[in-house]
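Dear colleague,

Please find the structure below, with its sequence. I should be grateful if you would read it alongside the notes that follow.

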Amino acid sequence: MTDRPRSGGIGAWLLRHVETAKSSLSRLASQPLSTALTMLVIAITLALPAGLHLAVKNAAQLSGGWESAVDFSVYLNQGVGEDEARTLAGIIESRADVEQVVFISADEALTEFKRDSGFGDALDALDENPLPNTLVVRPAVAGNDALIGLLREELTNLPETDLVQLDTAWVQRFNAALDLLRRVILITAVLLGAAVIIVIGNTIRLDIQNRRDEIVVTKLIGASAGFIRRPFLYAGLWYGIGGGLVALALIAVSLWLTADAVARLASLYGSGFGLSGLDWRESLTVLGIGAFLGWFGSWFAAARHMRRIEPR
Amino acid sequence: MIHLDNVTKRYPGGHDALQRLTLDVDMGEMVFVTGHSGAGKSTLLKLLALIERPTRGRLVVNNEDLSRVSRRRIPRYRRDIGMVFQDHKLLFDRNVFENVALPLVITGTGTREIGRRARAALDQVGLLRREKQMPETLSSGEQQRVGIARAIVGRPKLLIADEPTGNLDPELSLEIMRLFERFNDVGVTLMIASHDLHLIAGMGHRRIVLENGMLAGETGRGAPAWAREAPRGD
């Protein structure tokens, strides 16, 4: 692609590239079905890792909200009454290493649970409230694992305490799982990227074979390898960019299709969470990766197959 | 302009297409290469176009030793010689103008200059008004003239043609040959392979006769009179 101009200057050279890019595009447009199919294959292979990335990103956003709150849930013994619990809450809140204590009475917890769980009728059948009074303790020493561990131990040792649950334990597990998932996605993305290169390389290989005579003629009249390669590289580039655009469309449609289901799920959890799509930078990355893979795939095919086509 | 020194071309399988051929063509000459098919005409032109490399011997074209032209530099070498083919080798998805302009596009010539020179070349072969047509819509003779316009658009000093009239009737063939003569008049060196002996004999240019890859005779330029009789061949 670096056939320097002998005459006509940089402007003419640039113009030539623009013309090659345009003619490559119109050549693709002249075979709309096969072009669309190739782009769709590329789009699906690009959309898959991008979509998974989006899922992980949303999940991480969701858990990010929880992570800041390193709250303990202290479930009190059934025998501990509401007044007693409130007193205890005051005592704990006065500690230096505690920022805030929220008291959730057994009745409140039951009402909330009835509303959110959908088991309302079943719970009505119970004579007694099975839920304990609960204190949600937010430590003032967030981030210091040793002090949090100490606080947890002291809370556990209180005579009124039935069970202490560190709410962030599962968040940490969740995040670890997300990390694992990210790595799996990365591997998948690399493999699928290789698939894109192969798909484009194969398409360009067929294109080169179909235009064999043309290549021979242009070689005979003195075209450099770069000159002959150029239209194929642009074709690969267009395949990649087109595939990237279709991939973005696929992702957008998928988001639209899942949005109401996610909203319903979020509302069941009492959350206003909504799925976020790819931002402009991520969208550009998808396009850029598509363009690069397209260019590279066609370059690879051209380097392999063009060399064998020589005039006889 | 062209200098062959003991050039041998042996194809895989052991067939010697050219055997120890020594030949000189001066600048500004117009030379016909004749002989039976398989005599080595095409091989000679392929060596000149660097489509093939000689097995032995030295080949100098336009002061350039072809053994020193690397694979990478072949395109640059080919830009300096015009080539005309029996089957025209036009690109059928482009119109006449684009076909003729292609060598200039390859060298990165400016758009305006391309238009000027491509039209001048088309004018020389008498096809200026057909520039927008597709090659398919032209007759075989016209297609060959497009091929010739493409060969001369880069203003080469050397033009080589392999059976340029092979598919044409005698009248059109003569027309094409006259066209070549006109280029010769302005200083272009021409080497034309042809087995159309009647046509060639009437034109009175130098003739090189190949047989089994060897020089079998030569006419023109002080060649003996017996050789002027056109031997019959296919």
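The notes below cover confidence, the shape of chain A and the nonpolar cores.

This is a predicted model, in which local features need pLDDT of at least 70 and side-chain atom pairs count only at pLDDT 80 or more, while totals for chains, interfaces and linings use all residues. Residues are numbered from 1 along each chain as its sequence is written, and chains are lettered from A and ligands numbered from 1 in the order in which they are written.

The predictor gives the complex an ipTM of 0.85 and a pTM of 0.73. For chain B, the mean pLDDT (the predictor's confidence in each residue, from 0 to 100) is 87, with 94% of residues at 70 or more. Residues 222-234 of chain B stay under 50. Where pLDDT is low, the predicted coordinates should not be read in detail.

Chain A contains 10 helices and 4 strands (DSSP runs of H or I, at least four residues, and of E, at least two, numbered from the N terminus). Its C-alpha trace spans about 100 × 45 × 30 Å along the principal axes.

The largest nonpolar core (buried Ala, Val, Leu, Ile, Met, Phe, Trp, Tyr and Cys residues joined through C-beta atoms within 7 Å; buried means 20 or more other C-beta atoms within 10 Å, with C-beta atoms placed from the backbone) has 96 residues. Those with the most contacts inside this core include A:Leu46, A:Ala247 and B:Ala118. Helix 9 of chain A, residues 225-268, gives the most to this core, with 13 residues. A second, separate core of 12 residues includes A:Val74 and A:Ala85.

With kind regards

Notes
Contact = placed C-beta atoms within 7 Å.
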